[in-house]
Amino acid sequence: SETNLSKEMESVMKDIKNTTQKKYRDYSKTPGSPDNDFLFMYSVARTNLELELIHRGGNLCSGGASTAGKRSCLNQLFHVLALHMRLYSIDSEFNPWRKLTQLVEEENSQQGNEEQQPEVPVLYHDVTSLLLIQILMMPQPLRKDHFTCIVKVLFTLLYTQALVALSVKCNEEDRSAWKHTGALKKNTSDAEKSYEVLLSFVISELSKGKLYHEEGTQECAMVSPVAWSPESMEKYLQDFCLPFLRITSLLQHHLFGEDLPSCQEEEEFSVLSSCLGLLPTFYQTEHPFISASCLDWPVPAFDIISQWCLEINSFTERHAEQGKALLIQESRWKLPHLLQLPENYNTIFQYYHRKTCSVCTKVPKDPAVCLVCGTFVCLKGLCCKQQSYCECVLHSQNCGAGTGIFLLINASVIIIIRGHRFCLWGSVYLDAHGEEDRDLRRGKPLYIC
């Protein structure tokens, strides 16, 4: 039923959609399909969390010291998004939760494969996306124990992904050595929480497929020449899982109002995992910390891992090269920064002054350079117009989602474009007296300031 609150929430959603350019709302191959809305709403949540993480310096070591203590409305935004996400239903057949927590019977999977294209293997899924989609689809208000349960299950998937990526990064000898050492410990009591045993099991399962074959020249370049020690492997596994733990801790902080603990960089993993309820409370601190102790398998570990590895094996049967590349995804988001400009303005001017436009091959009247990516564009050239947008505006949409910063070559000034507006923003090149020379009228040598 419609209430005043739900009307308000709908108008918020409309505003969010209207402020976003169309190209960032159309993801799926078919325009206007509900997939677009679904992905768009999820991406709004994801982008806000990733941005907040960047504002906090890329990690959560400083605890709750957020951007000057500004009030965050992420909790409310999540309610609005969740209200709209629930208009869609994830097909129960393809609900990722089933693949993560249930073992599939063999005979069913055999029949299904002939009729339809198989789904994306679970080990290729982005775990942070799965978390946000699961949480936005859950009945609201979300209970804390439900949240912790989702995080625990997703962590088992993430950790398996880390093990698979680690096994792909190593050479053949390392793999056979680990396969052997881990297999010896497989029957111990805590085998499901030992990364050596799990890694050895992953390697033996994936060896049945083609994933480790075709060690071409290009593949060898990806394999690191470093000799892996238990310490460096533990560090790799922790670094692989940290981005997920950071986003999840931020989400927990906003949804349930829990404080973020501050910590040293080297203990960020253990502090965040205990804050998320992944670490058992009776965990002793004297021992060096082992990330595998956070694992809590919903079903027997070796059964579910072999089910996930089977999917990858059948995928690499068809696409051998992509199978490997998709596993080693280093998703490190870096802060955007501007180009490093040369000391003397004459260097830029001489280089770009007679440069021809790549679209019309004439020398543009108002050449400009994007200060984010270095692309050479015409400012007002009619030759490069598309759907009544000049090249600079189009470039600002593709490069900065509507925001562009350009250096005008013939005027030495910088202009900034945002949507339909633009403004002149002085110059970073000044003469010996510290003054600008707009339009280069005085012809004095200019140096970067």
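Q: Before we get to the helices, what makes a crossing left-handed or right-handed?
A: Look at the near helix relative to the far one: turned anticlockwise by less than a right angle, the crossing is left-handed, and turned clockwise, right-handed. Keep in mind that this is a predicted model.

Q: Okay, so which hand does the crossing of α6 and α7 have?
A: The α6/α7 crossing is right-handed.

Q: And at what angle do α6 and α7 pack?
A: About 160 degrees, with the axes of the two helices 10 Å apart. α6 covers residues 127-137 and α7 covers residues 144-169. Angles over 145 degrees count as roughly antiparallel, so α6 is roughly antiparallel to α7.

Q: Which residues make that contact between α6 and α7?
A: From α6 you have Val 127, Leu 130, Leu 131, Gln 134 and Ile 135. α7 brings Phe 147, Ile 150, Val 151, Leu 154, Leu 157, Leu 158 and Gln 161.

Q: How do the residues of the α6 contact with α7 divide into nonpolar, polar and charged?
A: Ten are nonpolar and two are polar, with no charged residues in the contact of α6 with α7.

Q: Staying on α7 for a sec, is Phe 155 buried or exposed?
A: Buried: Phe 155, which is in helix α7, has a relative accessible area of 0%.

Q: What is Phe 155 in contact with, leaving aside neighbours within four places in sequence?
A: Its partners are Cys 241, Leu 245, Phe 269, Leu 278, Ser 291, Cys 294 and Leu 295. Take Leu 245: it sits 90 residues from Phe 155 in sequence, yet the C-alpha to C-alpha separation is 8.8 Å.

Q: Back to α6. Where does Thr 128 sit, and is Thr 128 buried or exposed?
A: Thr 128 belongs to helix α6 and counts as buried, at 7% relative accessibility. Setting aside neighbours within four places in sequence, Thr 128 touches Arg 46, Phe 244 and Ile 247.

Q: Now α3. At what angle do the axes of α3 and α6 cross?
A: Roughly 80 degrees, and the axes come within 8 Å. α3 runs over residues 74-85. With that angle, α3 is roughly perpendicular to α6.

Q: Which residues meet there, between α3 and α6?
A: On the α3 side, Phe 78, Leu 81, Ala 82 and Met 85. On the α6 side, Leu 132, Ile 135, Leu 136 and Met 137. That contact divides into eight nonpolar residues, no polar and no charged.

Q: How about α3 and α11, what's the crossing angle there?
A: The axes of α3 and α11 (residues 230-256) cross at roughly 90 degrees and come within 8 Å. The two helices are therefore roughly perpendicular to each other.

Q: Which residues of α3 and α11 meet?
A: Leu 74, Asn 75 and Phe 78 of α3 meet Leu 251, His 254 and Leu 255 of α11. Here the split is four nonpolar, two polar and no charged.

Q: Switching topic: how many disulfides does the structure hold?
A: Zero. Cys 61 is in no disulfide, and the nearest cysteine sulfur is that of Cys 263, 4.4 Å away. A disulfide needs the sulfur atoms within 2.5 Å. Likewise, Cys 263 is in no disulfide, with the sulfur of Cys 61 as its nearest at 4.4 Å.

Q: Are those two buried or exposed, Cys 61 and Cys 263?
A: Cys 61 is buried, with a relative accessible area of 12%. Cys 263 counts as buried too, at 11% relative accessibility.

Definitions and conventions. Residues are numbered from 1 along each chain as its sequence is written. This is a predicted model: local features need pLDDT of at least 70, side-chain atom pairs count only at pLDDT 80 or more; totals for chains, interfaces and linings use all residues. Side-chain values use heavy atoms; hydrogens and water are left out. Axes are lines fitted to C-alpha atoms, for helices over the stretch in contact, and angles run from 0 to 180 degrees between N-to-C directions. Helices (H or I, at least four residues) and strands (E, at least two) are DSSP runs, numbered from the N terminus. Angles under 35 degrees count as roughly parallel, over 145 as roughly antiparallel, 65 to 115 as roughly perpendicular and the rest as oblique. Contact means heavy atoms within 4.5 Å. Ala, Val, Leu, Ile, Met, Phe, Trp, Tyr, Cys and Pro count as nonpolar, Asp, Glu, Lys and Arg as charged, and the others, Gly among them, as polar. Buried means under 20% relative accessible area, exposed over 50%, partly exposed in between (1.4 Å probe, protein chains only).
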